[in-house]
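Let's take a walk through this protein together, starting on its surface and then turning to its rings and charged pairs. Keep the 3D view open and find each residue as we reach it.

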Amino acid sequence: MRKILDKFLNIRFRNKMVMSYIFMALIPFAVFSVVSGLVFVHQAQQTAMDHTAQTINQVCNSIDVYIGTIEKTANYISVELTDNEFWKIRSESDPNWKAHTDQIKELLQNIAFSHDEIAGILIATKNDLYVSTGMSRISRDSFQNESWYRQAEKSPDEIRLISDATGRNIVTNQDYSVDDVFSLTKAVRDPKTGEVLGVILFDIRHDIIKKSINSVTIGEKGFVFVTDADNSIVYAPVNNVVYRVNPLWLNGSGNAFVTAKIGAGNYQIHSEKSAYTGWRTVGVFSSDEVMASVNTIIYILFGCILFTILIVLFSSFQLAETITKPIFKLQNLMKQAEGGDLSVRFNSKYNDEIGELGLSFNHMIDQIGNLIRMVYVEQQNKRFAELKSLQEQIKPHFLYNTLDTISWMARDYGATDIVRLVDALTSMFRIGLSHGKDMISVREEITHVSNYLYIQKIRYKDKLNYRIEVDEKLSGYQVPKLILQP
């Protein structure tokens with residue numbers, strides 16, 4: 001981690017800014033993408049499940065309404081025929097048989113005509129006689145031995161639904177097949193004794209279920225089918241998936257959703273059991289279909305995010321360029337100034353931090369120029385002073401050499417007092433010059449003072465008397481030149 005940080009800190013400032021902008025933009029984009037994707041997927045699945053549940057509930061209620069209508073019709077027939085002598089007739093050879101059956105047939109035909117979903121109606125009596133419309137008996141076997149009759153007789157106050165109409169001792173007319181119908185039975189009881197007088201059997205077309213199912217949609221691959229209490233299919237659309245639905249998925253699901261893999265597809269299965277009919281309405285929708293639409297939206301979302309990132313990238317480069325370009329310009333000017341070109345100046349249109357830094361740079365260059373000029377003038381003055389000092393030193397040296405010449409000439413003439421005076425003055429000049437040194441020994445300083453006092457003594461005679469007392473231990477110490485004579 002430290003190496004990565006060091007590597008990041010060593011790259012150019014513009015690249016740092018661009019990477020920082022992109023990184024800061026990617027964090028919210030990544031969070032937004034993940035969160036929105038998860039929320040959208042969950043919402044899409046929840047919407048599909050809610051739609052499926054509503055669809056199933058709608059179909060289930062429609063079937064209940066249809067069955068309720070048929071039950072009311074059965075109750076109507078039961079009430080109309082309760083006091084009819086038809087129930088007491090024991091043989092078709094009875095003189096009253098034809099009159100009663102013609103009346104009942106007319107009633108049944110009127111009911112079947114007014115209800116398109118009713119394919120046929122049959123009323124079987126306890127005396128093994130029957131009257132029907134669209135239905136007839138195959139053999140003389142008693143209807144009382146049929147399962148549909150026994151179930152109705154066993155629960156006389158309830159309707160009984162039979163999903164499979166095959167295997168009965170009944171043949172239908174040519175306008176419909178037993179595979180296209182389901183049956184409803186209702187016992188007819190004597191209101192006085194409660195005795196079961198017979199059973200009314202309705203053959204009801206699957207069209208009522210088909211219309212309910214076709215009126216709803218669950219995507220392109222989704223479908224709805226209906227099963228009875230034994231999980232046998234009452235009606236299902238034609239497809240290769242419905243018969244591969246495991247009944248255990250329905251029994252264990254209740255009103256919850258079950259995820260199942262059927263063939264190469266993934267499906268969500270939801271069912272609702274009717275408390276009225278006992279039948280279960282099952283909805284199946286393709287999870288892959290839902291996810292396909294979700295994936296399309298996600299692709300669009302990521303496309304928008306990618307496009308936005310490209311815009312951020314372009315904007316980052318542009319913004320970094322506006323910030324770093326003046327810095328690079330200032331850097332180049334500093335390099336030129338470092339190379340000795342002090343004529344460079346930073347020009348900025350703006351008064352931001354970079355502009356203020358440029359003004360400071362210009363001020364620094366001006367100060368450096370002023371310092372250079374001051375140093376140049378100072379050096380010029382120093383050279384002039386040195387030359388002046390040299391010129392001033394020429395006079396003492398010339399005078400010293402001249403006095404030395406006078407001393408040698410006085411010796412030639414034997415003027416010892418003049419020699420002594422000239423030597424004293426010469427010694428003073430020599431110590432005063434001291435080869436340009438500022439520090440001399442105490443001994444040299446005392447010699448200088450002695451010569452000066454000697455000259456003054458020759459000048460003022462007895463007016464000047466003096467005595468010099470110096471500790472010899474101090475002779476070697478260095479003191480500033482001409483510190484005693486003043």
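**A walk from the surface inwards**

Our tour begins with a nonpolar patch on the surface, made up of Phe23, Met24, Ile27, Val31, Val35 and Val39, which together have about 580 Å² of accessible area. Keep in mind as you look that this is a predicted model. Phenylalanine 23, one of the patch members, sits in helix α2, which covers residues 13-81. Is phenylalanine 23 buried or exposed? Its relative accessible area is 54%, and a residue counts as exposed when that value is over 50%, so phenylalanine 23 is exposed.

The surface also has a patch of another character. Asp164, Asp179, Asp180 and Asp207 come together there as a patch of negative charge. To find one of them, look at the loop that joins β5 (170-172) to β6 (181-189): aspartate 180 is there. With a relative accessibility of 43%, aspartate 180 is classed as partly exposed.

Now let's turn to the aromatic rings. How many aromatic pairs does a search of the whole structure find? The search gives seven. In one of them, the ring centres of phenylalanine 86 and tryptophan 87 are 5.3 Å apart and the planes meet at 70°; planes over 60 degrees apart count as edge-to-face, so this pair earns that name. Phenylalanine 86 is buried, at a relative accessible area of 0%, and tryptophan 87 is buried too, at 3%.

Phenylalanine 182 and tryptophan 279 make another pair, with ring centres 5.0 Å apart and planes at 75°, so these rings are also edge-to-face. This pair links distant parts of the chain, as its two residues are 97 residues apart. Phenylalanine 182 belongs to strand β6, while tryptophan 279 is in the loop between β11 (265-273) and β12 (280-286). Both of these residues are buried. Rings can also join up beyond a single pair: Tyr130, Phe143, Trp148 and Tyr149 are linked into a cluster by ring pairs.

Our last stop is the salt bridges, of which a search of the whole structure finds eight. One of them joins the side chains of glutamate 195 and lysine 126, with 2.5 Å from N to O. Why can we say that this pair ties together separate parts of the sequence? Glutamate 195 is in the loop between β6 and β7 (196-205), and lysine 126 is in the loop between β1 (118-125) and β2 (130-133), so the bridge connects parts that are 69 residues apart in sequence. Glutamate 195 is partly exposed at 37% relative accessible area, and lysine 126 is partly exposed at 29%.

Next, look for aspartate 128 and arginine 137, which form a salt bridge whose closest N and O atoms are 2.9 Å apart. Are these two buried or exposed? Aspartate 128 and arginine 137 are both buried.

Finally, aspartate 366 and arginine 345 meet through their side chains in a salt bridge of 2.6 Å, N to O. Aspartate 366 is in helix α8 (residues 353-412) and arginine 345 is in the loop between α7 (287-338) and α8, so this bridge ties together parts 21 residues apart in sequence. Aspartate 366 has a relative accessibility of 33% and counts as partly exposed. Arginine 345 is partly exposed as well, with a relative accessible area of 33%.

Methods. Residues are numbered from 1 along each chain as its sequence is written. This is a predicted model: local features need pLDDT of at least 70, side-chain atom pairs count only at pLDDT 80 or more; totals for chains, interfaces and linings use all residues. Side-chain values use heavy atoms; hydrogens and water are left out. Patches are made of residues with over 30% relative accessible area and no salt bridge: like charges are joined within 9 Å, nonpolar side chains (Val, Leu, Ile, Met, Phe, Trp, Tyr) within 5 Å. Accessible areas come from the Shrake-Rupley method with a 1.4 Å probe; for residues, only the protein chains shown count as cover. A salt bridge is a side-chain nitrogen of Lys or Arg within 4 Å of a carboxyl oxygen of Asp or Glu. Lys and Arg count as positive and Asp and Glu as negative; His and the chain ends are not counted. The place of a charge is taken as NZ of Lys, CZ of Arg, CG of Asp or CD of Glu. Helices (H or I, at least four residues) and strands (E, at least two) are DSSP runs, numbered from the N terminus. Buried means under 20% relative accessible area, exposed over 50%, partly exposed in between (1.4 Å probe, protein chains only). Rings of Phe, Tyr and Trp (its six-membered ring) pair if their centres lie within 6.5 Å; planes under 30 degrees apart count as stacked, over 60 as edge-to-face and the rest as tilted.
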